[in-house]
Amino acid sequence: MNIEERFLKYISFDTQSDPQSTTTPSSMKQLELGKYLVEEMKKIGIEDARLDQSGIVYGTIPARGEHHGPVIGFVAHMDTSPDASGQNVKPQVIRDYQGDTICLNQEKNLYLDPHEFPELLNVIHHDLITTDGTTLLGADDKAGVAIIMSMAEYLYQHPEFNHSDIKIAFTPDEEVGRGTENFDIDGFKADYAYTIDGGNIAEIEYENFNAFSAVVEITGKSIHPGSAKNAMINSIHIAQEFDAMLPVHARPEYTEGYEGFNHLHDIQGNCEKTVMGYIIRNHDLALAKKQCQDFENIASFLNQKYGYDMIKVTIQQDYLNMREHIEQHMYIVDNAMTAMKECGIEPYAVPIRGGTDGANLTYMGLPCPNLGTGGYNFHGPFEYVSITMMKKQVEVLLKMIERNEVM
């Protein structure tokens with residue numbers, strides 16, 4: 001099976017994770033892809049392939065021939081984002097893309113236009129796969145899964161390729177922040193690893209946001225509107241007031257690079273009760289904590305202004321920046337960059353404006369920077385992937401494995 005066929009098969013599985021669920025995994029349909037991957041791994045030759053009770057797939061490609069390097073791991077996630085449907089994906093394949101506008105869905109007036117999405121100019125003459133405008137594609141991160149599986153198949157088809165043990169893992173629930181909560185670090189037994197979960201394959205990412213989430217609960221005073229004067233306190237209006245007191249310039253739509261943000265991603269309410277959900281992000285931990293304190297300060301101010309404890313703020317830490325830990329193991333970044341160069345790619349490091357399973361794995365003791373998949377515009381109908389880049393990334397992984405033996 002070639003990498004394109006493999007990817008198209010994987011995206012036929014609906015693996016959308018559920019942020020409201022308390023089960024493990026958050027949606028049982030993720031297990032169907034996990035079971036399929038175990039069967040495929042065993043057919044390739046990975047004898048110890050297994051799906052554990054939390055929905056994580058593990059496997060080992062045993063060492064072959066003379067080998068002297070550390071144990072390297074590769075990780076990708078099986079779930080797709082709750083932001084858009086991943087059911088009944090209808091992919092469109094574009095051969096030898098010429099740089100023109102791609103029609104995704106004429107009825108919905110959805111187009112991939114290089115003027116709006118200039119990254120398309122980087123994939124001219126590539127073979128692309130897009131959506132039909134009704135779902136996301138699933139390149140995040142089934143492209144990563146396909147790259148790792150194609151790498152594994154190549155190794156089994158080329159017994160002359162000597163290497164140390166190689167560990168593989170595919171996680172559920174990365175999109176809802178739970179991909180590694182049951183990850184068996186001790187059982188995985190890798191010295192270091194890479195997540196294959198980024199965009200352009202020239203990029204390597206080893207620093208990410210410090211991530212917090214906030215729930216703001218507002219309890220108003222619901223009075224019949226006919227007799228509400230000087231008595232009603234509409235919680236929806238208080239929610240608007242609260243949000244307006246956060247710095248406007250720190251919204252996602254006004255930030256880039258290393259700039260942090262506060263993102264109001266959900267609001268539900270009526271006059272009596274309104275609940276808002278925020279994510280809080282910054283590469284600088286001190287600044288992230290200051291943003292969190294802003295939420296507490298605004299709640300305190302408004303509670304004092306209205307004379308009772310109307311606002312409750314609950315903040316939790318989701319994940320932290322892995323940079324300071326990766327910098328103690330920069331040889332794994334250097335190994336990837338050198339492999340890219342040897343494959344004709346000019347690499348560069350970029351900060352992740354988000355997080356990956358690798359951030360949590362790094363804090364769990366497994367240094368794990370992130371590499372690209374060739375996918376773009378994740379989490380929505382404008383998502384597409386370069387099959388040309390996916391094939392090239394398989395070459396890069398093989399080169400990294402080869403270099404691992406002389407590190």
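How many residues of domain 1 are in contact with how many residues of domain 2? I looked this up first and found eight residues of domain 1 in contact with nine residues of domain 2, where contact means heavy atoms within 4.5 Å.

**Ground rules.** I am working with a predicted model, in which local features need pLDDT of at least 70 and side-chain atom pairs count only at pLDDT 80 or more, while totals for chains, interfaces and linings use all residues. Residues are numbered from 1 along each chain as its sequence is written, and side-chain values use heavy atoms, with hydrogens and water left out.

**Entry: the two domains.** I noted that domain 1 takes in 3-207 + 322-404 and that domain 2 is 210-319, with bounds that come from an automatic or database domain assignment. Their centres, taken over C-alpha atoms, are separated by 35 Å. Between them the two domains bury about 680 Å², of which 48% is on carbon and sulfur atoms; buried area here is the accessible area (1.4 Å probe) that two parts lose on being put together, summed over both. On the domain 1 side, Glu-207, Pro-351 and Arg-353 lose the most area to domain 2, together 64% of what that side buries.

**Entry: the annotated span.** In UniProt, an unreviewed entry, I found "domain: Peptidase M20 dimerisation" written over residues 206-301; UniProt positions are given in the numbering used here, feature names are shortened, and annotations may be inferred rather than shown by experiment. I computed the span as 29% helix and 30% strand, with its end C-alpha atoms 38 Å apart. Helices (H or I, at least four residues) and strands (E, at least two) are DSSP runs, numbered from the N terminus.

**Entry: strand 11.** I then turned to strand 11 (residues 210-219), which is mostly covered, with seven of its 10 residues buried; buried means under 20% relative accessible area, exposed over 50%, and partly exposed in between (1.4 Å probe, protein chains only). Strand 11 pairs with strand 13 (residues 273-282) in the antiparallel sense over 10 bridges, two strands being paired if DSSP finds at least two bridges between them. Within that pairing, Thr-219 has Lys-273 as its bridge partner in strand 13. Strand 11 also runs antiparallel to strand 14 (residues 311-319), joined by eight bridges, and there Phe-212 stands opposite Gln-317.

**Entry: active-site annotation.** The same kind of record, again unreviewed, gives "active site" for Asp-79 and Glu-174. They span 96 residues in sequence, yet no two of their C-alpha atoms are more than 6.7 Å apart, so they gather at one spot. I placed Asp-79 in the loop between strand 3 (72-77) and strand 4, and it counts as buried at 0% relative accessibility. The side chains of Asp-79 and Ser-17 are joined by a polar contact of 2.9 Å, a polar contact being a pair of N or O atoms within 3.5 Å; within protein, one must be able to donate a hydrogen and the other to accept it, and residues adjacent in sequence count only if both atoms are side-chain atoms. Glu-174 lies in the loop between strand 8 (166-171) and helix 4 (185-188) and is buried, with a relative accessible area of 12%. Its side chain makes a polar contact of 3.2 Å with the side chain of His-77.

**Entry: binding-site annotation.** For "binding site", UniProt (unreviewed entry) lists Asp-140, Glu-175 and His-379. Although they are spread over 240 residues of sequence, they cluster in space, with a largest C-alpha distance of 9.7 Å. Asp-140 sits in helix 3 (residues 139-157) and is buried, at a relative accessible area of 8%. Leaving aside neighbours within four places in sequence, I found Asp-140 in contact with residues including Asp-79, Glu-175 and His-379, and its side chain makes a polar contact of 3.0 Å with that of His-77.

Is His-379 buried or exposed? His-379 is partly exposed, with a relative accessible area of 28%, and I located it in the loop between strand 17 (375-376) and strand 18 (384-386). A polar contact of 3.5 Å joins its side chain to that of Ser-81.

**Entry: the sheet beside that loop's strands.** Strands 17 and 18 belong to an open sheet of four strands in the order 4-7-18-17, with antiparallel pairing. Strand 4 (92-94) and strand 17 stand at the edges, each with a single partner strand, so one side of each is left without a neighbour in the sheet. Two bridges join strand 17 to strand 18, and Gly-375 has Val-385 as its bridge partner in strand 18.
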